[in-house]
Amino acid sequence: MLGVKDVVWVFLACGSGGVARLGIQLLCSSWFPAAWQGWGTVLSNALACFLAGLFSGFLAGSGTLRLALLTGFCGGLSTFSAFALDYLPLVREGHWSAWVLVFAQVIMGLVMAWIGLVLADAIRV
């Protein structure tokens, strides 16, 4: 059962992860030309996945710290870390269905973002 303390820690950690992501985006926007601005997202996602694996390995079980670092900080830095940790066990166990889910997640994410943009353009007119 989650308590108020857990929720507050996730809230604070998530904000910290978001600020870290902003910092990465700003650094990359100053380092890379406009055509390569996507590197900020790539690096945020990669760092979040690395940290999620690290925290998950060191903080087995449940608890406020694990919740704050994985759900909060890594979630604020990138939800891709949760995506990676959800499917990695399936991949490691050799379930081919994991690859279907991975590709479905990526394609569905792109399609849904596109639909959202089209809808926003239609409503704005």
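**A walk through the helices**

Let's start close to the beginning of the chain, where G3 sits in the segment before helix 1, which covers 4–31. Keep in mind as you look around that this is a predicted model. How exposed is G3? Its relative accessible area is 28%, so G3 counts as partly exposed. To get a feel for distances, pick out D86 as well: G3 and D86 are 83 residues apart in sequence, and from C-alpha to C-alpha they lie 24 Å apart in space.

Now follow helix 1 and look at how it meets helix 2, made of residues 39–58. These two helices pack at an angle of about 140°, and their axes are 8 Å apart. What do we call that arrangement? Angles over 145 degrees would count as roughly antiparallel, and at about 140° helix 1 and helix 2 are therefore oblique to each other. Their crossing is right-handed. Zoom in on the place where they touch: helix 1 brings R21, I24, Q25 and C28, while helix 2 answers with W39, G40, T41, L43, S44, N45 and L47. Sorted by class, that contact has 5 nonpolar, 5 polar and 1 charged residues.

Two residues from this meeting place deserve a closer look. C28 is in contact with Q37, W39, G40 and L43, if we leave aside its neighbours within four places in sequence. The other one is N45, which lies in helix 2. Is N45 buried or exposed? Its relative accessibility is 18%, and because buried means under 20%, N45 counts as buried. Not counting residues up to four places away in sequence, N45 touches R21, S78 and F80.

Next, turn to the pairing of helix 1 with helix 3, which spans residues 64–77. Here the angle is about 35°, and the axes are 6 Å apart. The crossing of helix 1 and helix 3 is right-handed. On the helix 1 side, the contact is made by K5, D6, W9, V10, A13, C14, S16, G17, G18, A20, R21 and I24. On the helix 3 side you'll find T64, L67, A68, T71, G72, F73, G76 and L77. By class, the residues of this contact divide into 10 nonpolar, 7 polar and 3 charged.

There's one more pairing to visit, between helix 2 and helix 4 (residues 80–92). They pack at an angle of about 50°, with their axes 8 Å apart. That angle makes helix 2 oblique to helix 4. Once again you can check the handedness: the crossing of helix 2 and helix 4 is right-handed. From helix 2 come N45, A48, C49, A52, G53 and S56, and they meet F80, S81, A84 and L85 in helix 4. This contact divides into 6 nonpolar and 4 polar residues, with no charged ones.

Finally, let's look at the nonpolar core. Which residues make up the largest nonpolar core? There are 12 of them: A13, I24, C28, A48, L51, A52, F55, A68, L70, F73, C74 and L77. Helix 1, helix 2 and helix 3 are the elements that give two or more residues to this core. Helix 3 gives the most, with 5 residues. You've already met some of these names: I24 and C28 also take part in the contact of helix 1 with helix 2, and A48 and A52 belong to the contact between helix 2 and helix 4.

Terms used:
Residues are numbered from 1 along each chain as its sequence is written. This is a predicted model: local features need pLDDT of at least 70, side-chain atom pairs count only at pLDDT 80 or more; totals for chains, interfaces and linings use all residues. Side-chain values use heavy atoms; hydrogens and water are left out. Helices (H or I, at least four residues) and strands (E, at least two) are DSSP runs, numbered from the N terminus. Buried means under 20% relative accessible area, exposed over 50%, partly exposed in between (1.4 Å probe, protein chains only). Axes are lines fitted to C-alpha atoms, for helices over the stretch in contact, and angles run from 0 to 180 degrees between N-to-C directions. Angles under 35 degrees count as roughly parallel, over 145 as roughly antiparallel, 65 to 115 as roughly perpendicular and the rest as oblique. A crossing is left-handed if the near helix is turned anticlockwise from the far one by less than a right angle, and right-handed if clockwise. Contact means heavy atoms within 4.5 Å. Ala, Val, Leu, Ile, Met, Phe, Trp, Tyr, Cys and Pro count as nonpolar, Asp, Glu, Lys and Arg as charged, and the others, Gly among them, as polar. A nonpolar core is a set of buried Ala, Val, Leu, Ile, Met, Phe, Trp, Tyr and Cys residues joined through side-chain atoms within 4.5 Å.
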